[in-house]
Structure formats: structure tokens, C-alpha cells
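Here is a short tour of a protein model, from its overall make-up to its cores. Please keep the structure open while you read.

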Amino acid sequence: MNRKIDWTHVQARIEPWLQGNRRVGLTAAGFAGVVILIRLLGILETFELAALDQLFQIRRGEKQDDRIVLVYIDDDDISSLDSWPISDGVMATALENIKAHSPRAIGLDIYRDLPVGEGQEQLNEVFETTPNLIGIEKRTDQYVAGVRPPEILKQNNQIGFNDVLLDSDGRVRRSLLFARDNEEHHTSFALKLAELYLAEDGITAHGAERGNPAYLQLGDAIFSPLNPNDGGYVRTDNGGYQIIANFRSNPTPFKTISFSDVLNGEIPVGLMNDRIVLIGSSAKSLQDYFSTPLSGRYQIDRRMPGVKLHAHFISQIISAAVDGRTLIHVWPEPVEWIWIIVWSVAGASLSWRVRSPLKVGPLLLLTTVSLGAVSYLAFLGGWWIPVVPSMIALIGSAIGITGYIAYLEGELQKSKEFLNSVINTIPDPIFVKDSQYRWIVLNEAYCRFIGHPIEELIGKNEREFLPPHQAHALQLQDEAAFFDEMEAESEDEFTSPIGHTYVISTKRSLHKDSAGNRFLVGVIHDITQRKRMEDELRRTAAELVQSNAELRQTGARFREMAYHDPLTGLPNRKLFQERLIQSIEWAEYNDQLIALLFIDLDGFKLINDTKGHVIGDLLLKAVAKRLSGSLRSSDTVARLGGDEFVVLLPAIPSKQKTGQVAQKLLSTLSETFVLQDETIFVTASIGISMYPFDGDSLESLIVEADQAMYRAKSEGKNQFRFASGSSTQQIMARPVQNENGPTVDVSISERIKA
């Protein structure tokens, strides 16, 4: 069954919630707005980048990428060779030894812009005959002069730049894939090697098939370029085609071998086969090291060799294209703002609901940990979402609400002390409630009224002491007072602790203190005696009303009996005379015609004698029903007695129309009657008088109609005649033979007066 919703009750419940949470919303919005503004100014960028580093460092479970092998040139290798840079001949030998193990790609992360020592021709021959070898170049920018690549490799398009992007704190968190100088396009060292490796698997670079076609796609991986304000960055230089680097969190992400072992041919079987081999320096003396998000967790010196850095970039590209390893994604700025607002609301709501500073602290710590956990889980899924701004908004809004609650509590305490000093002097029960419908101030009279000491009542409500239906009714009244914010008075039943039931009147009014605390003041009066007297008066009044109704019904029955025929229910002589007199007066005033039809049934006496009085009575009822059904609602059909009926037609337009009505009545009455399985045929004779042609009084019209009726009966029955004789018409229905001709027992005047 559908229940009708009481919207007033719903509003009464929602309004206190809105009032209480308006401060929460304002505080949360304010702190979130400030945090977002600070973030847009770039003040939090360093902290957000540090938070990203922590996410990288605590990420676990990533496997080693065995598709990449690093050939390290460390300080021991340099000492054993007794030269730096390494001579062309030595480098050529090392490259030949690597080629012998059939790597898929070789990356030489060492500048070879100038000949070094002996063996230049040998090295050039290696460059010329190794199509899967990629060298490096250093692009010239406004700060650093560039380093040219080997000419042979450049001519064969086997060059990639090894530029590294540093953030404001000197760490590498971005990877540059493409760059453009003077209309010349450059590809990074990492991307060149990754494309060379992926080509063997049939994967080539192309524009994104979904989204922006300007984005790079390899396999199913789409590499979205970095925007200036992506993630924790603020107005960062995003020149070229940059992506956020996704470093592989593993203490030994790649297999390594020393340059000396390679040079001496001591390469384990299968180590380099079908893999990418990177050759580069790891010597501390050369200072080719960079700080990354992983610095400080797995490496003592907190930095990473450049060749290993490029290995991470290569691994990120290949893993995304082949393994589906996630890239680092970021939310659009509006979504990040919503995220910050959500946590600001969470902090404010938490403080507002708990209210106790001792309880808020641990819960706030738990919420902060939850925020960190959510951010970490999102990071595992490849999303870098704001952590620091959200935490600041969470904690700041919580502190703001806590301070506001402390202020409210102080002002409320002052209000309670003042109210206590006033209400105890009043003999009537008085209570004061807060917006949570809890008692905060009570006088002694109220405690006696409830039947519990004040210590048990303060801070609680009626639900803990009264029957559920009473407590519910009282709370509804409290809610309405808080919602309407107007003084109101209600009447309720109250059962005392010893079982006595009283009727009480409670006057409620809403008040606010200087801090905006809202509290409800209620004053109670016992109106049991007054309600009893009112109930007695209502019962007496109800009895009087019932008696009057019975008298009216009796009077109506008497009037019905006085003015209507008991057999047919038609108006009787008295009512007919009144209506005729009224019609004559109306017709005289409005210059209208009136027709009076006097109807007498032909042969009714014979039917009554032969069929019995029961059939005769049923026939009279049936005739009355047919007459009533054949006339207008404004016409009157009356029974004068016996088988005599009269019809009053006010406002009839003409004699001709009157004749049509008479004809209709004769036709209707001449139809067969079936009464108690008896088939009865009866006709009627009708005499018609008209006002003002045949008279202008009740007596004259009746006499003329009566005489016309006897004339119709004497001339053959089953017809009508006008009193004036100016219009005659005989309608021959099936006649009923009546041995007795029309006789006049008494004069018409006597019958009318009878």
C-alpha cells in the first residue's frame, strides 16, 4: 500500500541537518579554496613531488626487466685501461664482442664526436656494419653547448639525444621523447632503442587510434604528453614531447656486466641474445649521475648513473607497449579540485560529528592514513592524484571546525548558566533542548514531572524515558519548532512514571545565543481538568445536534406524508393546489400559458373488481410511474384519489403543444401493463383547461378540466378534450370495454375539497 509522504515532517528533519552542516560546508569550501589557490601559486609543488617520490619508494613487487642488459664502465675499468675516453679501437672490440651475442639493439651512451686514440677506422667500420646500434648526441640549448654524434651513425639515422630534464629540486621525474630545433625533429636515445626493439615484434609508432591523433601510440599504449599543470607540477616547462617517468621499483631492475668482462669476451651465454644492451659509465669519478624518485632507497649515494636512467626510460616504453604496464596518468584540474574539496568536507564533517578534540585526533590520523592508502592504491593503478593538498585541506578544515565548536561550547555554557538561574524560580515544568533534541537545562519541576533526577536526564531525550509513541509525538513537535522557528503550542498525552495519564499543553519557542547556538525552550501546563470539561461540553453539544437532526428527520417525514400520496408517492391534492396557485401567479406576472390535464382511467373499476385490489394498486403505481416518466422535470403529476390524476404544465407554449403532450400520455398509458404475470390493458380520458383562456383561478381551471374530461369519456373514452372545445382530438388506443358509463358521484368542487 502506498503511503502518503508527509513533506512537512521531512522538512522538519532536514532543516536542522542543513543548519548544522551549513557551517561544515562553509568551512570546508573555505579551506579547500585556500589550498587550491596555494597550489596554483606553486607553493606546494615541492611537497607534491616529494610525495610522488615516496610513492615510488614504497611501491613493491615489480620484477626485473631482463630485456635490458647494462654494460657498466666503472672506475676499475678506467684504471685497467689507463685512459679516458676509451680509445676507438678498444670500443670497437667491445662492440664486436657484444654483436657476437646477437642482441636485438645496442645503445652506446658515450659521446664519440671526436677520434680517440688508435682504431678510428675499425670503429667506423663497426658503426657502418651494425644497423641495430644507436649512438647519442647532446642538443645545444641556451645553457649548455651540444655534443655532435658520430657522423656515420647520423647519416644512417642511428642517433638519439640523451637530454635529461631536471625538476626544480634537481631530480629527474620526466622523460623527453621528442624535441624540435630549428625545424629539425629529434628522437630520444631511449625511444630510438625502444622502437628498434619493438619493430622485431611488429610494433611501430603511430598516432593514437582513439582520443587525440597527435599522441604517440605503441601497441595499445598511448603516451599522453605532459601539460604544464599536470599532477603536482605548476607552470612547468613542457617543451617537446614529455611524459612522466615511471621508474621500475626494484633494487636490481636490470642485469649488468662490467666493461672489462665484455672486452675480454667473458660474456655469459644467452645474457645478451635478443636483448637491448646499453653501454655507459657508472664511474663515480665521471659524475654522470642523476637524482630520481628512487634515490635514497636502494642506492647509497642517492643518485643513478645516466645509462641506468635511460634504461628505465626504455623499460617504461617497452613494458607499456608489450606488457601493458601502466603509465603515469593524472586527473584534469577540475577533478583534482573536487578531490581536494571532498577531503576538506571529510575533515570538517568528522570534527563536527565527533566534537570531542580527544576523539577527533585519532580519527583524523586514521583518516589521513586512509587518504595516503587511497593515493597509494591509485598510484599502483597508474594515477598520480593530489596527496599533500588533500591532507592540508583535511587537517585544516578539521582544526577550523574544532575551534568553532570550542567557541560554540563556551557560549552555550554561558547560556545554560543564565537559563538555570531563571527557570528554577518558575513552578511550571520547563526544559531546554539543543538542536539534537537533547535536554541541556531542566528545572526541578520538570524533573519531578518526569520522575527522574536531573543527573539522569541531562544530555538525553524522551526516547530513553517515555513510551515510544509518546516520545515520538513529542519529538515531532520539537522538530516542527526548530523548522518553523516560531512560537508554537501543542497538546499531548503524558503518562507519569506511576501510570497516571495527563493531558499537557507545551509552549515551545526557539532561541539563539550570540554564537548562533539554537536551543528550544518549552513550558508545560497540566490541562487535564480543562480537557475533561471540554469533553463534557462536546458530548452535550453532540447530543443536542443529534436530537435536532432527529427532529428534522421527523418533520421531513411528516411533511412527506402531508404533501404526497402514500400509494404512488406523487404529490397529493394539497401540494398540487399550492403548486397550481404558484404557477398561476407566475404565469400572470410573466404573461405565460398554463395547461391543466385532468386524467381518469377508463374501466379501472372493472379491473379493480375482477383482478383484485392488489392488482389495482399496482396498476395505479405503474400509471403514476409512466406519467412521471413522460413529462418534464418542471411539470407536476398529482393523484387526487382513486384513478384520478392531474398534470400541471407550466409555461406551455400553445394549445397545440398541450395536445401533443396529452396525445403522448394517452399513447403511453394505452401500452400493455404486466403486473404479477397478469396482462392489463387500460386507457384514459383527459380533460384540458388552460390559463387564462378557461379561467384565472384554481377552482375555475379545475372545474373546466373536469368537465372536459367527462366529455372525452362520454364521447368514447381513450381521448382528450379541451375545455373550450376549440381543439378536439381522439386517439383510439386498444379500448378496454367498461360496462359502466361515466357517472358523476359528486361534484368536482366537492372532490377537490375532500
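The report below starts with the whole chain and then turns to one loop residue and the cores.

This is a predicted model, in which local features need pLDDT of at least 70, side-chain atom pairs count only at pLDDT 80 or more, and totals for chains, interfaces and linings use all residues. Residues are numbered from 1 along each chain as its sequence is written, and side-chain values use heavy atoms, leaving out hydrogens and water.

| Property of the protein chain | Value |
|---|---|
| Secondary structure | 22 helices and 29 strands |
| Buried residues | 47% of the 754 residues |
| Exposed area | about 37,700 Å², 54% of it from carbon and sulfur atoms |

Helices (H or I, at least four residues) and strands (E, at least two) are DSSP runs, numbered from the N terminus. Buried means under 20% relative accessible area, exposed over 50% and partly exposed in between, with a 1.4 Å probe and protein chains only. Areas come from the Shrake-Rupley method with a 1.4 Å probe; for residues, only the protein chains shown count as cover.

Let's look at A100, in the loop between helix 4 (88–99) and strand 2 (105–108). A100 counts as exposed because its relative accessibility is 60%. Its C-alpha atom lies 9.1 Å from that of N273, 173 residues away along the chain.

Now for the interior. The largest nonpolar core (buried Ala, Val, Leu, Ile, Met, Phe, Trp, Tyr and Cys residues joined through side-chain atoms within 4.5 Å) has 52 residues, and L218, F223, L278 and I314 have the most contacts inside it. Helix 9 (residues 306–323) gives the most to this core, with nine residues. Apart from it lies another core of 36 residues, including F604 and L669.
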